[in-house]
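Reader: Could you take me through one part of this model up close, the nonpolar core and what sits around it? I'd like the cut-offs spelled out as you go.

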Amino acid sequence: MSGLDVATALLQEAAAAMARAGDSKDIARILEGIKIVDDDLEDSPCEPAQTESKDESAEEQRLVKYGVPWRIAAILARSSSTGDTRAIQQARRWKSPDRAFLTLMGPEGTGKSVAAGYIVQSGPPLVGGRRDCHWVPCDPWGHRPWPHLPVWIRAASIARSMDAIPEEITHAQIVALDDLGDEPDSTHCRSRISELIAARDDLRARTVITTNLDAAAMANRYGRRFVDRLSRHGHIIRCEGGSLRK
Ligand SMILES: Nc1ncnc2c1ncn2[C@@H]1O[C@H](COP(=O)(O)OP(=O)(O)OP(=O)(O)O)[C@@H](O)[C@H]1O
Ligand SMILES: [Mg+2]
């Protein structure tokens, strides 16, 4: 990188920071409109997670194939070892087709990632009696591509990559975006994350996000429009409590 490139990159960063600072006037206003759920989502009869195989190790491998980390797949593959945490309860109740996003925020070890894995394991919710994706996107020529398999991906992996975000991710029937905020706080990373969220929002496709950031930190980092999307087109759930890590 030449000295000029470095200077240009620094100037771009500074411009982005100033733009975000401009946003911060609006952040307080936006945060007023954001509903962070301390109460539970509306209860309804629980659906058992969809499993393709009763064999636990096959189930574990199925989840790992979607990108779910082994430690989480191992917990979920044995239903007797899956605790009924607040995060799991809320994940189970997230059904509303018009709410594409579920954001689980809170401190470390409160079971957010395990709950995100549970959503990947459960598959799409029952809609009209069928377990199906509620969205079937149409391109300008009227083709209706079938959604791809569920995907578990760390925010840092999506954010760092320079390639276009693969369609297997943008069009996955479910995306679990783990550890939002763990990626470097750079213009490139922020724009990659925003791009994925906007694409998922356009498709009204289910996306579960886990993060240690609170709403103000998210708005500060990704902009108010980003948090507005997660709030208006989803549920933002606070997961509190001590760490469940052993
Ligand atoms: N529903 C659950 N059933 C059984 N064990 C759980 C459950 N949820 C969490 N745990 C235990 O707590 C540990 C931490 O859970 P998890 O990784 O989901 O936390 P987290 O909220 O995502 O934390 P972080 O913010 O650090 O990523 C798990 O590895 C597991 O041992
Ligand atoms: Mg986690």
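Author: Sure, starting with the whole chain: buried residues make up 33% of its 246 residues. Buried here means that 20 or more other C-beta atoms, placed from the backbone, lie within 10 Å of a residue's own; 12 or fewer would make it exposed, and anything in between partly exposed. Keep in mind that this is a predicted model, where local features need pLDDT of at least 70 and side-chain atom pairs count only at pLDDT 80 or more, while totals for chains, interfaces and linings use all residues. Residues are numbered from 1 along each chain as its sequence is written, and chains are lettered from A and ligands numbered from 1 in the order in which they are written.

The protein chain has 10 helices and 8 strands (DSSP runs numbered from the N terminus: H or I with at least four residues for helices, E with at least two for strands).

Now the core. A nonpolar core is a set of buried Ala, Val, Leu, Ile, Met, Phe, Trp, Tyr and Cys residues joined through C-beta atoms within 7 Å. The largest one has 48 residues, and Ala 91, Leu 104, Ala 115, Ile 119, Val 120, Ala 176 and Ile 193 touch the most other members. Helix 5 gives this core its largest share, 6 residues. In soluble globular proteins, nonpolar side chains tend to be buried together.

Zoom in on Ala 176: leaving out neighbours within four places in sequence, its contacts (C-beta atoms within 7 Å) are Ala 116, Gly 117, Ile 119, Val 120, Trp 152 and Val 208.

Helix 5, residues 112–122, also turns up around ligand 1, where this helix and helix 3 (70–77) each supply at least two residues of the shell. The largest share of that shell, 3 residues, is from helix 5. Among the 20 residues around the ligand, Gly 83, Glu 108, Gly 111, Ser 113 and Leu 244 come nearest, where being near takes a C-beta atom within 6 Å of the molecule.

Over in helix 8 (residues 187–203) you'll find Ile 197, which counts as buried because 24 other C-beta atoms lie within 10 Å. Beyond four places in sequence, Ile 197 touches Phe 226 and Arg 229. Thr 207 is 10 residues from Ile 197 in sequence and 8.3 Å away in space, C-alpha to C-alpha.

Last, helix 9 (residues 215–222): Ala 215, Met 218, Ala 219 and Tyr 222 are buried there. They sit on the same side of helix 9 because they cover an arc of only 95° around the axis, taken from the directions from the helix axis to the C-beta atoms.

Key: Contact = placed C-beta atoms within 7 Å.
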